[in-house]
Amino acid sequence: MPASPSTARAINDRVALRLLQQEGPLTAGQLKQLTGLSRPTVADLVERLTAAGLIEVVGESGEQRRGPNARLYGIVADRAHLAALDVRTEGVSVVVSDLLGRELARASVPIADDTGTGPAVEQAVTLVERAAKEAGAERLHTVGVGAPGLIDPATGELRDSSGLPEWHRRLVAALQERLPARVIVENETNLAALAEQRDGAARDRDTFVLLWLGHGTGAAVVLDGRLRRGASGGTGEIGFLPVPGTSTLPSATDCEGGFHSLAGSAAVAELAAGHGLVATAVSPGEPEAAALVRQAVATLSSPSASPSPSPSPSPSVFSGADRFLSALADRLAIGAASVVAVLDPGCVVLGGEVGQVGGEVLAARVGERLTRMSPLPVEVRASALGGGAVLRGALLTARESAQDDLFAPRSR
């Protein structure tokens, strides 16, 4: 059946808004060309969207002719303000943006292990409120939260998880109580995968697996363009994967003995120490493993780098870095090979801080091992966004939710 006039108008409006979001400011003539709509129809939708406060004239195009077609229309960016949170066991980071995703404020706060649940929640919520004030946001429309642990697919709530602080779960409820905003919670690794697909290493892939390598380990699965969460929200809990090379097996409450014991930050630091490597974190909260991998990659690059005041590493240091990265690649390939054998994703992104600093050096070594271990073709790529992918993914999720709400057709 043909769409009713009101339904057709709603569809046209939504198409135009999405184009303005993706392409930036456009003239009415450009909207006509991109949508295939008639000139009167485009004129009507521009008038409706302007009256609704969703778009406004933001300038003029370089066209020589005069008239309304030369006006550039853009989305009203401050129609809604958004926040994204990256919740880690050691602290919280927040970004506040406008409706187009332009960053307006950024802040973070460390939260010590011995901080009580109440004070920890208060620190985190206050951080969000201060960032919103700094951004000039009277209220937040949507807040995207990335956190470790399981997200219940039925309720969208963060579930109890062993080893995670209680303030994580309390934080979500506190945000909902204190902020007049929609709060969306998602597993941090899933958000990182969304960000890598949209803006990072997997932009040309609709099927891939992101292997998260930071303080802990995890995986996110994207198949046919869709993030897969599983029946209980636990898809990608690769830290619990039983693997060779450990002295025990993981349990339902402890991933010790699983892949986490090979690739978590503490395990990587122990591996590096065995090869004589030391390194210092370059930023607060950076996993020790990332600092060590960065140092090892830099050591291997030094002999072929351009001349610098720093002396070249000794042969023993160079050899230690090489052996460390090879041993780490052996470990990562064990976990990745299991995922590849089950899902055949065609692409594995080494994510998180470790994946980013390991770059092509580490990715190539893992890829070479997977080629020997699996008959399935797979490309291994280094993360383009690193640890920042969680915040980016949370912001993308908040923005899409807010736009779905604001761009939805209104009853007339």
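Me: In which helix is the place of Arg 369?

Reply: This is a predicted model. In it, Arg 369 belongs to helix H11, which spans residues 352-373.

Me: Is Arg 369 buried or exposed, and with which residues is it in contact beyond its neighbours within four places in sequence?

Reply: The cut-off for a buried residue is under 20% relative accessible area. Arg 369 has 10% relative accessibility and therefore counts as buried. Leaving aside neighbours within four places in sequence, its contacts are Ser 326, Ala 329, Asp 330 and Ala 333. With Ser 326 there is a polar approach: a polar atom of the Arg 369 side chain lies 3.5 Å from the backbone oxygen of Ser 326.

Me: How should one read the nonpolar interior, and which residues have the most contacts inside the largest nonpolar core?

Reply: As a general idea, nonpolar side chains in soluble globular proteins tend to be buried together. Here the largest nonpolar core has 45 residues, and Leu 211, Phe 324 and Leu 350 have the most contacts inside it. Helix H10 (residues 315-343) gives the most to this core, namely twelve residues. Another core, of 34 residues, lies apart from it and includes Val 92, Ala 120, Leu 127 and Ala 174.

Me: With which residues is Phe 324 in contact, leaving aside its neighbours within four places in sequence?

Reply: Phe 324 touches Val 268, Leu 271, Ala 272, His 275, Leu 277, Leu 292, Val 293 and Ala 296. Among these, Val 268, Leu 271 and Ala 272 are buried residues of helix H8 (residues 265-274). The buried residues of H8 pack against helix H7 (260-263), helix H9 (288-301) and H10.

Me: How is the packing of two helices described, and at what angle do H8 and H10 pack?

Reply: Two packed helices are described by the angle between their axes and the distance between the axes. For H8 and H10 the angle is about 145 degrees and the axes are 9 Å apart. Their crossing is right-handed. H8 makes the contact through Ala 267, Val 268, Leu 271 and Ala 272, and H10 through Phe 324, Ala 327, Leu 328 and Arg 331.

Me: How are the strands ordered in the open sheet of five strands, and why is one side of S5 and of S7 left without a neighbour?

Reply: The order is S5-S4-S3-S6-S7, with mixed pairing. Strands S5 (103-110) and S7 (182-187) stand at the edges and have a single partner strand each, so one side of each lacks a neighbour in the sheet. On average, neighbouring strands are turned by 15 degrees against each other, direction ignored. S4 (residues 91-98) pairs with S5 in the antiparallel sense over seven bridges, and Val 95 has Arg 106 in S5 as its bridge partner. Helix H5 (residues 166-178) lies across S3 (81-88), S4, S6 (142-147) and S7, and runs at about 165 degrees to S3.

Me: How should a positive phi be read, and where is Asp 224 found?

Reply: Most residues other than glycine have a negative phi, and most peptide bonds are trans. Asp 224 has a positive phi near 55 degrees and is found in the loop between strands S9 (217-223) and S10 (226-228). Its relative accessible area is 60%, so Asp 224 is exposed. Asp 344 also has a positive phi, of about 50 degrees, and is found in the loop between H10 and strand S11 (347-351). With 41% relative accessibility, Asp 344 counts as partly exposed.

Definitions and conventions:
Residues are numbered from 1 along each chain as its sequence is written. This is a predicted model: local features need pLDDT of at least 70, side-chain atom pairs count only at pLDDT 80 or more; totals for chains, interfaces and linings use all residues. Side-chain values use heavy atoms; hydrogens and water are left out. Two strands pair if DSSP finds at least two bridges between them. Helices (H or I, at least four residues) and strands (E, at least two) are DSSP runs, numbered from the N terminus. Axes are lines fitted to C-alpha atoms, for helices over the stretch in contact, and angles run from 0 to 180 degrees between N-to-C directions. Contact means heavy atoms within 4.5 Å. Buried means under 20% relative accessible area, exposed over 50%, partly exposed in between (1.4 Å probe, protein chains only). A polar contact is a pair of N or O atoms within 3.5 Å; within protein, one must be able to donate a hydrogen and the other to accept it, and residues adjacent in sequence count only if both atoms are side-chain atoms. A nonpolar core is a set of buried Ala, Val, Leu, Ile, Met, Phe, Trp, Tyr and Cys residues joined through side-chain atoms within 4.5 Å. A crossing is left-handed if the near helix is turned anticlockwise from the far one by less than a right angle, and right-handed if clockwise.
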